[in-house]
Amino acid sequence: RGSGLKGLSSIKAKSGHIVRPLLFAERQEIIDYASKEKIDYREDSSNASTKYTRNFIRHKIIPLFENLNPSFLSSAIRSTQHLNEVLSFMEDTIKALEQNTVNKLKDDIIKVNIKSIKDSPHYALFLHYLLEKYGFNGTQTHDISTTTTSGKQFTSAHYRLIVNRDALLISKKTKKEILTPTRISANDQQTDSPIALKFRKIKKTDDFKIPTNNNIATLDFDKLSFPLIIRPWQHGDYFYPLGMNKRKKISNFFIDEKYALSEKENALLLTTNDNQVVWIIGKRLDNRYKITSGTKHIFEISIQ
């Protein structure tokens, strides 16, 4: 499946606190021993089903190999033992190389000094084993090892990598970047993720006063398109700031409001089902969804 040496070297007899003491033995050896010693055992019924890949290999493919080589299994075991030794040697070598090339900078940024190893014929191999722990796949590693574009970015599920001339800079993604959008229905009363909010629908009365607290949004319920969606902001997003009839890029709003980098990275939006921004959560409402004299029902959202 393309898992490299780790996949070919198979399961280890000892991995952390897990020990598998019978890996050395073949299935028939175990059955014969249990029978000889009159040891009762139970077998999972799924072991006989070839719809599972592992069983298809055991019952269909391995017998074909054994037709070619009766000692196929013992040969395969010796090969995996050898591969484990090679893998162990390679991991020790890579750890030694890491000590000379990898540094931890402030803000938990990992710096990989590649200048001294870039011309090595094993450069791509070193990167593969270094970067897989940060979630980068083989295709990305190949692109990283061959790119000549300084400033180019690559991302995994939880990390971002920037290619510089003589170094690779790896940093953890912000919480905002990892988040998946959260959907809010018209009947929901609260959500805890990615931010704790409470919702309520109320009838507008003549004495209703719009709160001035930025942590409370009051919207015209009938103008909203559900489900509402909580998501990170993206470049290109725009809205109509409350009190204005002209649209504005959210990135420009952040600049005008003098957002700190951390504030900008973690900013969340509430949007309609058709991706219209309703609220920069905790900061500013969109003018299109404000309460007017014609509003009949109010959708109130409060940050908890």
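In what follows, Lys and Arg count as positive and Asp and Glu as negative, while His and the chain ends are not counted, and the place of a charge is taken as NZ of Lys, CZ of Arg, CG of Asp or CD of Glu. On that basis the protein carries 48 positive and 33 negative charges, whose mean positions are 5 Å apart.

The model is predicted, with local features requiring pLDDT of at least 70 and side-chain atom pairs counted only at pLDDT 80 or more, although totals for chains, interfaces and linings use all residues. Residues are numbered from 1 along each chain as its sequence is written, and side-chain values use heavy atoms, with hydrogens and water left out.

**Overall form**

The protein has a radius of gyration of 29 Å, whereas a compact globule of 304 residues would have one near 19 Å; the radius is taken over C-alpha atoms, and the globule rule is 2.2 Å times the number of residues to the power 0.38. Its C-alpha trace spans about 90 × 55 × 30 Å along the principal axes. Of the 304 residues, 30% count as buried, that is, under 20% relative accessible area with a 1.4 Å probe and protein chains only. Contacts (heavy atoms within 4.5 Å) between residues at least 6 apart in sequence join residues at least 24 apart in 57% of cases.

**Strand β4 and its partners**

Nine helices and 18 strands make up the secondary structure, where helices (H or I, at least four residues) and strands (E, at least two) are DSSP runs numbered from the N terminus. Strand β4, residues 110-113, has I110 and V112 on a covered face and K111 and N113 on an uncovered one. The table gives the pairings of β4, two strands being paired if DSSP finds at least two bridges between them.

| Partner of β4 | Sense | Bridges | Opposite residues |
|---|---|---|---|
| β3 (residues 102-104) | antiparallel | three bridges | N103 and K111 |
| β7 (residues 167-172) | antiparallel | four bridges | I170 and I110 |

I110, which stands opposite I170 in β7, thus belongs to the covered face of β4, while K111, opposite N103, belongs to the uncovered one. Five residues lie between the strands in the hairpin of β3 and β4, where D107 takes a positive phi near 60°.

**The site of D286**

D286 lies in the loop between β17 (284-285) and β18 (297-303), and it counts as buried because its relative accessibility is 0%. Residues up to four places away in sequence aside, D286 touches F239, Y240, V277 and V278. Q276, ten residues from D286 in sequence, is 9.1 Å from D286 in space, C-alpha to C-alpha.

Definitions and conventions. Buried means under 20% relative accessible area, exposed over 50%, partly exposed in between (1.4 Å probe, protein chains only).
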